[in-house]
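Trainee: I am new to this structure and would like to understand how its descriptive terms are justified. May we go through them one at a time?

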Amino acid sequence: MLLAAARSPAARRAVVAAPLGWPLVRRFIAGEDREDALRVVDQLIVRGLHASVDHLGEDTADEARADAVRDEYCALLARLDAAGTAGRAEVSVKLSALGSGLGTGGPRAALGRARAVCEAAAAAGTAVTLDMEGHGTTDDTLAAAAALRVDFPATGVVLQSCLRRTEADCRELLREGSRVRLVKGAYAEPPGIAFQDKAEVDRCYVRCLRLLMEGHGYPMVATHDPRLIAVAGALAVRAGRPQRSYEFQMLYGIRSEEQRRLAAAGETVRVYVPYGDDWYGYFMRRLAERPANLAFFLRSLGHR
Ligand SMILES: Cc1cc2nc3c(=O)[nH]c(=O)nc-3n(C[C@H](O)[C@H](O)[C@H](O)COP(=O)(O)OP(=O)(O)OC[C@H]3O[C@@H](n4cnc5c(N)ncnc54)[C@H](O)[C@@H]3O)c2cc1C
């Protein structure tokens, strides 16, 4: 229901109008402006963490907006460079925000915009990771990542363990230099394509993790799940990987103590920092992941 509401303008109006809605939104989102994101990145770095900054937005509706998203990323990267923080902060990009859904030429135009963002990232001394969206976009996103890696080998991509295809996709991405962020998947997907049972999603996550840890690439273990974090550590040891040859990733505002604990233990921990005014879809996916967040939010609606 929440994932459906993530696409509903009426539900969005209700969230924005709720008096305690914004404080809860701010738990997961750095703020609406670039400066808010830069401030959070600084705070994370002081705590020994890394960042991946996401300018919020998806399913961009026109070319002008897609160009504006590209320009925002380039400006953000220039600011990270100027602040001297680009060494510990990369950016996460959704192809649909860059216009991949805009007609038959959309994927090609989005790739061109992603290329401009990769150029800005390379100039700043950092990299881009392509976020993964709904299952209809998987092939295009993997193809775009492969195309970008030709000129920008550090470009990362996300694989979702909820998808039945992901183990095979993992096997294609085990070569040296390949940066793969492994997640469970945040979208409601149909049974023919995706595991519906959480335990199956977790088992697939472990199988993929084993492949990635034994492969030659750079695994990015993106989960808050304590069991999977422990499994990742054990698999890294078994594969003879030193700590800096993989990293953990978590979302801003979720399990912050665990982020700091892992960093204090010598692990590389990267926090995904979303910012921007188009926060609604992202926020609803975070509510959908955890009943406690939803309960808190519903109580806030009751205070209207
Ligand atoms: C860095 C990063 C990048 C991501 N990029 C993508 C992407 O590109 N595409 C995509 O589909 N998905 C992405 N995701 C989301 C991911 O797919 C999951 O939906 C999300 O991480 C929740 O799954 P989990 O692995 O944390 O496990 P879960 O089983 O959902 O959660 C495990 C535990 O983590 C804590 N937790 C989890 N979620 C929350 C929450 N919202 N609020 C509070 N506590 C919580 C709880 O303690 C929970 O018991 C990303 C996640 C991370 C961490």
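Mentor: Let us begin with a term: a molecule sits in a pocket if more than half of its atoms lie within 2 Å of the grid points of that pocket. In this predicted model, the ligand sits in the largest pocket.

Trainee: What makes the pair formed by Gln-160 and the ligand a polar contact?

Mentor: The cut-off is 3.5 Å between N or O atoms. An N or O atom in the side chain of Gln-160 is 2.9 Å from an oxygen atom of the ligand, so the pair is a polar contact. A nitrogen atom of the ligand lies 3.2 Å from a polar side-chain atom of Arg-181, and therefore this pair also qualifies. For Arg-286, a polar backbone atom is 3.1 Å from a nitrogen atom of the ligand. The protein buries 88% of the 940 Å² that the ligand exposes when taken alone.

Trainee: Which strand gives the most to the shell around the ligand?

Mentor: Strand E7 does, with three residues. By class, the shell holds ten nonpolar, six polar and nine charged residues.

Trainee: Why is the pair of Arg-79 and Glu-35 called a salt bridge?

Mentor: The limit is 4 Å between a side-chain nitrogen of Lys or Arg and a carboxyl oxygen of Asp or Glu. The closest N and O atoms of Arg-79 and Glu-35 are 2.7 Å apart, so the pair meets this limit. Arg-79 belongs to helix H5 and Glu-35 to helix H4, so the bridge links distant parts of the chain, 44 residues apart. The whole structure has 23 salt bridges.

Note on methods
Residues are numbered from 1 along each chain as its sequence is written. This is a predicted model: local features need pLDDT of at least 70, side-chain atom pairs count only at pLDDT 80 or more; totals for chains, interfaces and linings use all residues. Side-chain values use heavy atoms; hydrogens and water are left out. A polar contact is a pair of N or O atoms within 3.5 Å; within protein, one must be able to donate a hydrogen and the other to accept it, and residues adjacent in sequence count only if both atoms are side-chain atoms. Accessible areas come from the Shrake-Rupley method with a 1.4 Å probe; for residues, only the protein chains shown count as cover. On a 1 Å grid over the protein atoms alone, a cavity is a set of points where a 1.4 Å probe fits but cannot get out, and a pocket is an open set with protein on both sides within 12 Å along at least five of seven lines; lining residues have an atom within 4 Å of a point. Helices (H or I, at least four residues) and strands (E, at least two) are DSSP runs, numbered from the N terminus. Ala, Val, Leu, Ile, Met, Phe, Trp, Tyr, Cys and Pro count as nonpolar, Asp, Glu, Lys and Arg as charged, and the others, Gly among them, as polar.
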